[in-house]
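Biologist: Please take a close look at the ligand site. Then carry on from there into the rest of the fold.

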Amino acid sequence: MEFNESYFAKHIAPISGSAIRDIFKLLGKPGMISFAGGNPSNAALEPQVIGPIAKEVIEGIGAPILQYGASEGFIPLKESAHRYLLDSGVPCKESEILPTEGSTQGMDLLLKALIDPGDVVLVEDPTFLGALQAMKTYHAKIVAVKSDENGILPDELEKAMKEYHPKLAYIIPTFQNPTGVTLNAERRRMIAHLASKYGVIVAEDDPYHDLRYTGENLPTIKSFDEDGWVVYLASFSKIISPGMRVGTMVVSFPELMRKCVIGKQSSDLHCPLMTQAIVDAYLRKGLLPEHLTRIRAGYKAQLDAMLKGFEAFPKGTQLIKPEGGLFVWAALPEGMNATQLLSTAVENNVAYVPGTHFYPEGGHHNTLRLNFSNSPVDKINEGMEKLAKIFNN
Ligand SMILES: Cc1ncc(COP(=O)(O)O)c(C=O)c1O
C-alpha cells in the first residue's frame with residue numbers, strides 16, 4: 001500500500017527533512033569523505049572507560065537501575081550536573097535542573113510548553129536545522145533575526161521582540177551550528193536584559209561550550225539572567241557520548257519547569273536511569289577535564305587542517321574561522337551555487353551540507369557548512385583538495 005501525504009497528521013507535514021536525508025543516504029558509500037554530519041569523532045568516544053563504569057553502575061545499584069524512575073531526573077545526576085553547570089558559568093539551583101535526552105529534548109519540551117500554532121519563535125539567521133524542524137512540528141512562525149560574525153544583533157532582536165511579541169527566542173551562543181560564530185559578551189548581557197524587558201524566554205542552546213580550542217571562555221547568557229527568562233540547554237552529546245542521549249535543561253521559573261516535566265511524561269516518562277547513572281559516575285570520577293583536554297587537541301589539529309584547505313578555494317571565498325566547535329562555515333563567491341555543486345562533490349566522494357538548509361527563508365546558495373570532527377587529518381586534506389578542484393572548475 002502507498003501512503004498518501006493526506007494520511008499523515010498535519011503537524012508532521014511541514015517537515016521535509018528530505019534534502020539532508022538524501023545526502024546522508026549517500027554517506028555510507030565506500031571511500032566517501034563526509035564533512036556533512038555533526039558527530040563527534042569516534043576517537044573522542046571512550047568505550048574502554050564507559051564499559052567498566054556501566055558494569056560498576058549496574059552492579060552497585062542493582063535492580064533499581066532497571067526500574068522506572070522519576071520524570072524530574074535521577075537525583076545523583078542532578079547533583080553532579082549541578083556542579084558541572086556551576087563550573088561552566090551557569091548559576092542555578094539543583095531544583096532548576098531537568099535531565100533531558102540531549103538538548104534536542106530540552107528544546108522540544110520548551111516548544112511543547114509554550115508554542116501554539118502560529119506563535120512566533122525568533123532565531124538566528126542561519127540556525128540549527130534540527131531546531132527549525134522541531135519548531136515546524138509545533139507550527140511555530142519562525143522569524144529569522146539578522147546575525148553577523150559576532151552573533152545575533154541585539155538591536156534587531158529588540159525590534160523583532162517589539163514587533164512580534166514572541167514567547168520564545170532560540171540562540172546558540174558558542175561556536176554556533178552552522179556558522180561557528182560566537183556571540184560576544186556584551187551581546188550576551190544585552191540579550192539577557194531584553195529577555196526580561198519584553199518577557200521572552202531565551203533558549204540558550206550551548207552544546208559546544210566545552211569545545212574551545214583558542215581564545216577565552218565567555219560568560220553564558222544565563223549568567224546575566226535578571227529574573228529567570230533565560231533557559232540554558234546543556235548537552236553531554238558532544239563531550240561524552242551522543243548515543244547515551246543525556247543533557248540537562250536549566251529552567252528557573254517553577255511554573256515553566258512544571259510544564260516541561262508534564263511534557264516529558266508524555267514523551268518518554270523519564271530519561272533512562274542507566275545512561276543518567278553512567279554520566280553521573282563519569283562526572284563524579286572527575287574524568288571530564290582530562291578527556292576534554294585530549295579531544296580538544298585532536299579537534300584543533302583537524303580544524304587547522306580544514307582551514308588550511310580553504311587556501312585553495314576560489315578567490316573571494318569568505319570564511320568564518322571558529323575558535324571551537326565542530327564546523328566551518330564558508331560563502332563561495334556570489335553567483336556560485338554550493339547546493340547544485342553538492343552532487344558533483346558526492347560523485348567525487350566528498351560531502352558537505354549546503355548552507356541554504358539552515359536559513360528559515362532558504363536562499364544563500366553560495367554558502368556551505370563543513371564538519372571537521374569526523375574525518376582524520378589526512379582525509380580532511382584529501383577532501384578539501386577535491387572540493388577546491390570542484391569549486392575552481
Ligand atoms: C546547536 C545544537 N543543538 C542541539 C543539538 C543536538 O544535540 P543533542 O544530542 O544534545 O540532542 C545539536 C547537534 O548537532 C546542535 O548542533
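**The ligand site and beyond**

Modeller: In this predicted model, a nitrogen or oxygen in the side chain of serine 235 sits 2.6 Å from an oxygen atom of the ligand. Serine 237 makes a similar approach: one of its polar side-chain atoms is 2.6 Å from a ligand oxygen. Threonine 104 joins them, with a side-chain N or O atom 2.5 Å from an oxygen of the ligand. The ligand on its own would expose 400 Å², and the protein buries 92% of that.

Now the wider shell. It holds 14 residues. The closest are Thr104, Asp205, Tyr208, Ser235 and Ser237. By class, the shell has six polar residues, five nonpolar ones and three charged ones. Helix 4, residues 102-114, supplies three residues, the most from any element. Thr104 falls inside the span of that helix. Asp205 falls at the end of strand 7, which covers residues 201-205.

Strand 7 leads into the sheet. The sheet is open and has eight strands. Their order is 2-9-8-7-6-3-4-5, and the pairing is mixed. Strand 2 (97-100) and strand 5 (151-152) form the edges. Each has a single partner strand, so one side of each is left without a neighbour in the sheet.

Start inside, at strand 6, residues 168-171. Leu168 and Tyr170 point one way, while Ala169 and Ile171 point the other way. All four are buried. On one flank, strand 6 runs parallel to strand 7, joined by four bridges. There, tyrosine 170 has alanine 203 as its bridge partner. On the other flank comes strand 3, residues 120-125, also parallel to strand 6, over three bridges. Leucine 168 stands opposite valine 121 in that pairing.

Valine 121 also looks the other way along the sheet order. It stands opposite isoleucine 142 in strand 4. Strand 4 covers residues 141-148 and pairs with strand 3 in the parallel sense, over six bridges.

Next, the cysteines. How many disulfides does the model contain? The count is zero. A disulfide is a covalent bond between two cysteine sulfur atoms. The cut-off for a pair is 2.5 Å. For cysteine 92, the closest cysteine sulfur belongs to cysteine 260, at 15 Å, so the gap is too far for a bond. Cysteine 271 also has cysteine 260 as its closest partner, with 12 Å between the sulfurs, again too far for a bond. Both unpaired residues are covered. Cysteine 92 counts as buried because its relative accessible area is 12%. Cysteine 271 counts as buried because its value is 2%.

Last, a loop. Glutamate 334 lies between strand 11 (327-331) and helix 11 (338-347). Is glutamate 334 buried or exposed? It is exposed, because its relative accessibility is 72%, and the exposed class starts over 50%. Glutamate 334 also comes close in space to a residue further along the chain. Its C-alpha is 6.4 Å from that of asparagine 366, although the two are 32 residues apart along the chain.

Conventions: Residues numbered from 1 in each chain as written. Predicted model: local features only at pLDDT ≥ 70, side-chain atom pairs only at ≥ 80, totals over all residues. Heavy atoms only, no water. Near = heavy atom within 4 Å. Polar contact = N/O pair within 3.5 Å; in protein donor to acceptor, adjacent residues only side chain to side chain. Areas by Shrake-Rupley, 256 points an atom, 1.4 Å probe, with all protein chains shown as cover. Helix = DSSP H or I, 4+ residues; strand = E, 2+ residues; numbered from the N terminus. Nonpolar A, V, L, I, M, F, W, Y, C, P; charged D, E, K, R; others polar. Buried < 20%, exposed > 50% of the residue type's maximum accessible area, 1.4 Å probe, protein only. Pairing = 2+ DSSP bridges.
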